[in-house]
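Reader: I'd like to talk through how the inside of this protein is put together and then look at its charged pairs. Can we start from the coordinates?

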Amino acid sequence: MLTGRVKDNPNTVILLDEVEKAHPDLWNTFLRIFDEGMVTDNKGKQVSFRDAIIIMTTNLGNDKIVEMLTGKGTGFAAKIETQLSTKESPDRNMVEKLAKESIKKMFRPEFLNRIDKTIVFNHLTDDDYLKIAQLEIDVVDTKLMKKGFILNYEEAVLKGLVEKGVDTIYGARGIARIRRDEIEDLIAEKIMSTQISRGSIFELNYFNNLFTVEVIKIPKK
């Protein structure tokens with residue numbers, strides 16, 4: 001599949017997400033690609049990767065950052081225990097140090113020496129979290145719009161999504177879960193429990209750690 005795509009689109013970007021989870025045989029394959037710019041497909045034909053950009057992502061080092069922030073172990077039980085224990089942002093220099101140390105332990109020197117650049121991403125800021133929360137509310141807005149309803153909400157709703165859905169250990173992943181479990185379920189209950197006509201307005205608010213929804217019904221014509 002890979003060689004076929006590259007053969008058809010030689011000027012392409014190849015993304016290997018969370019490469020640390022791959023079988024070592026894959027690393028051996030890409031070691032040859034990095035070294036020679038070529039690889040042989042299953043039909044014995046050589047395929048050139050010389051015009052491709054290869055990007056690999058990894059979460060290596062994150063476990064050390066979690067341990068540093070929480071002062072606890074990073075096993076399965078510890079992750080449950082400390083999921084919302086801190087919103088502290090780790091030190092940038094320490095993040096780079098731990099990430100690069102973990103990468104060196106995982107990959108062989110000959111593999112790393114053929115990588116042009118290692119980039120450690122910045123952690124998300126409060127402004128980034130609000131933008132992600134806005135995207136999640138847009139999901140709700142779109143779903144209601146398709147049903148003929150209108151969604152109104154205050155900025156407190158976005159801040160509530162960030163407050164309940166963000167922590168240093170898991171980042172912004174929890175925002176989508178809060179949107180589903182605490183906002184969409186609440187709206188769905190309103191729709192199922194009352195007769196609501198198209199054009200009705202859902203007023204979404206957040207106060208005292210709780211999302212609330214009020215429905216302004218539009219009379220049927």
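Author: Before anything else, a term: a nonpolar core is a set of buried Ala, Val, Leu, Ile, Met, Phe, Trp, Tyr and Cys residues joined through side-chain atoms within 4.5 Å. Please keep in mind throughout that this is a predicted model.

Reader: Okay, which residues touch the most other members in the largest nonpolar core?

Author: Those are Ile137, Leu161, Ile183 and Phe202, in a core that has 23 residues. The elements contributing two or more residues to this core are the helices α7 (126-146), α8 (155-165) and α9 (173-193), together with the strands β6 (201-207) and β7 (210-216).

Reader: And which element gives the largest share?

Author: That is α7, which supplies five residues of this core.

Reader: Take Ile183, then. What is it in contact with, leaving aside neighbours within four places in sequence?

Author: With that restriction, Ile183 is in contact with Ile137, Val140, Val157, Leu161, Ile178, Leu204 and Phe211. There is also a second, separate core, made of 16 residues, with Val6, Phe30, Ile103 and Phe111 among them.

Reader: Why would such residues be buried together?

Author: As a general matter, nonpolar side chains in soluble globular proteins tend to be buried together.

Reader: Switching to charges: how many salt bridges are there?

Author: The count comes to twelve. One of them joins the side chains of Glu182 and Lys164, with an N to O distance of 2.6 Å. Because Glu182 lies in helix α9 and Lys164 in helix α8, this pair ties together parts that are 18 residues apart in sequence.

Reader: Is Lys164 buried or exposed?

Author: Lys164 is buried, having a relative accessible area of 17%, whereas Glu182, at 26% relative accessibility, counts as partly exposed.

Reader: What about Arg32, which residue does it bridge to?

Author: Arg32 forms a salt bridge with Glu36, and the closest N and O atoms there are 3.1 Å apart. The two sit four residues apart in helix α2 (residues 24-36), so about one helical turn separates them. Arg32 counts as partly exposed at 31% relative accessibility, and Glu36 is also partly exposed, at 39%.

Reader: Which residues are linked in a network of salt bridges?

Author: Glu136, Lys143, Arg179 and Glu184 are linked in that way. Within this group, the side chains of Arg179 and Glu184 meet in a salt bridge at 3.0 Å, N to O, and both of these residues are buried.

Notes. Residues are numbered from 1 along each chain as its sequence is written. This is a predicted model: local features need pLDDT of at least 70, side-chain atom pairs count only at pLDDT 80 or more; totals for chains, interfaces and linings use all residues. Side-chain values use heavy atoms; hydrogens and water are left out. Buried means under 20% relative accessible area, exposed over 50%, partly exposed in between (1.4 Å probe, protein chains only). Contact means heavy atoms within 4.5 Å. A salt bridge is a side-chain nitrogen of Lys or Arg within 4 Å of a carboxyl oxygen of Asp or Glu.
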